[in-house]
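Here are my notes on the interior of the model, set out as numbered points. They take up the open space, the nonpolar packing and the cysteines.

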Amino acid sequence: MKILLVYCHPNPESFTAAVKAAAVETLQRNGHEVDIIDLYAEGFDPVMSREERSGYHTRGENRVPVASHLDRVKAADGLLFVYPTWWYAQPAMLKGWLERVLIPHETFTMPEGNQPIRGLMTNIRFLGVLTSLGSPKWWWWIMGMPGRRILLTGIRALCAPRCRTLWLALHRIDVVGEEARKRHLERVREVLGKL
């Protein structure tokens with residue numbers, strides 16, 4: 001399987017970076033091809049400009065600013081997002097990537113009449129998230145799990161009908177000890193090893 005791993009963290013020495021390294025090593029060891037988009041390292045601009053927004057609904061014109069990333073999405077069989085959860089959802093950098101790259105006519109159809117949008121990312125058969133949260137699991141559940149819902153409900157609707165999903169999160173990242181972090185990395189390796 002060809003996995004596009006979208007990584008979002010500003011610090012290359014973070015625990016999120018260790019999660020990414022464990023994921024890449026496990027996937028490659030099991031024969032998957034991994035294409036990595038490191039949003040901070042690439043200097044991705046998450047801000048949609050006025051001009052870009054003006055052409056957002058125009059087929060062809062809307063792909064120009066994000067063509068290279070969009071082509072990588074279309075070439076993948078799976079999407080794996082690795083990021084820290086900040087304020088219950090994706091960091092602004094990743095949210096901007098979703099808004100700019102997953103565009104109409106390329107990843108979904110525009111609604112017509114009473115018809116809702118239809119997903120065009122039928123090449124995506126696996127959609128996964130590896131993240132960490134400062135909140136305990138119970139509080140995140142009370143908050144409605146917005147980050148999970150954005151990706152595993154909203155983005156999932158654009159993917160192949162039988163697209164498999166994965167959500168693997170380490171809660172209370174700010175207070176858990178080294179042993180909990182090691183166990184989480186082992187869980188990442190175990191779960192991705194079965195992909």
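1. The residues that line the largest pocket are His-9, Ser-14, Phe-15, Thr-16, Pro-84, Thr-85, Trp-86, Ser-132, Gly-134, Ile-173, Asp-174 and Arg-181. The model is predicted, and the volumes below are computed from it. For this pocket the volume is about 160 Å³. By class, its lining comprises 4 nonpolar, 6 polar and 2 charged residues.

2. Closed space is a separate matter. The count of cavities of 30 Å³ or more is 1, and the largest cavity holds about 40 Å³. Its lining consists of Phe-15, Thr-16, Val-19, Tyr-83, Leu-130, Thr-131, Ser-132 and His-184. Two or more of the lining residues come from each of α1 (15-29) and β4 (126-132). This lining has 4 nonpolar and 4 polar residues, with no charged ones.

3. Phe-15, Thr-16 and Ser-132 deserve a look in the viewer, since they are listed for both spaces: they are among the residues lining the largest pocket, and they also line the largest cavity.

4. The largest nonpolar core has 35 residues, and Leu-39, Phe-81 and Trp-97 are those with the most contacts inside it. Elements giving two or more residues to this core are β1 (2-7), α4 (67-75), β3 (78-84), α5 (92-101), β4 and α7 (146-155). The largest share, 5 residues, is that of α5. In soluble globular proteins, nonpolar side chains tend to be buried together.

5. Trp-97 can serve as a starting point for inspecting the packing. Apart from neighbours within four places in sequence, Trp-97 contacts Val-6, Ile-37, Leu-39, Phe-44, His-69, Val-73, Phe-81 and Leu-102. Leu-39 and Phe-81, named above with Trp-97 for their contacts inside the core, are thus both among the contacts of Trp-97.

6. A second core, separate from the one above, has 23 residues. Ala-23, Val-34, Leu-80 and Leu-166 are included in it.

7. Which cysteine sulfur is nearest to that of Cys-159? The structure holds 0 disulfides, and the nearest cysteine sulfur to Cys-159 is that of Cys-163, 4.4 Å away. A disulfide would need the two sulfur atoms within 2.5 Å, so at 4.4 Å the sulfur of Cys-163 is too far from that of Cys-159 for a bond. Both residues are buried: Cys-159 has a relative accessible area of 6%, and Cys-163 has a relative accessibility of 7%.

Terms used
Residues numbered from 1 in each chain as written. Predicted model: local features only at pLDDT ≥ 70, side-chain atom pairs only at ≥ 80, totals over all residues. Heavy atoms only, no water. Buried < 20%, exposed > 50% of the residue type's maximum accessible area, 1.4 Å probe, protein only. 1 Å grid on protein atoms, 1.4 Å probe; cavity = no way out; pocket = protein on both sides within 12 Å on 5 of 7 lines; lining within 4 Å. Points joined across faces, edges and corners; volume = space filled by probe spheres on them. Helix = DSSP H or I, 4+ residues; strand = E, 2+ residues; numbered from the N terminus. Nonpolar A, V, L, I, M, F, W, Y, C, P; charged D, E, K, R; others polar. Core = buried A, V, L, I, M, F, W, Y, C linked by side-chain atoms within 4.5 Å. Contact = heavy atoms within 4.5 Å.
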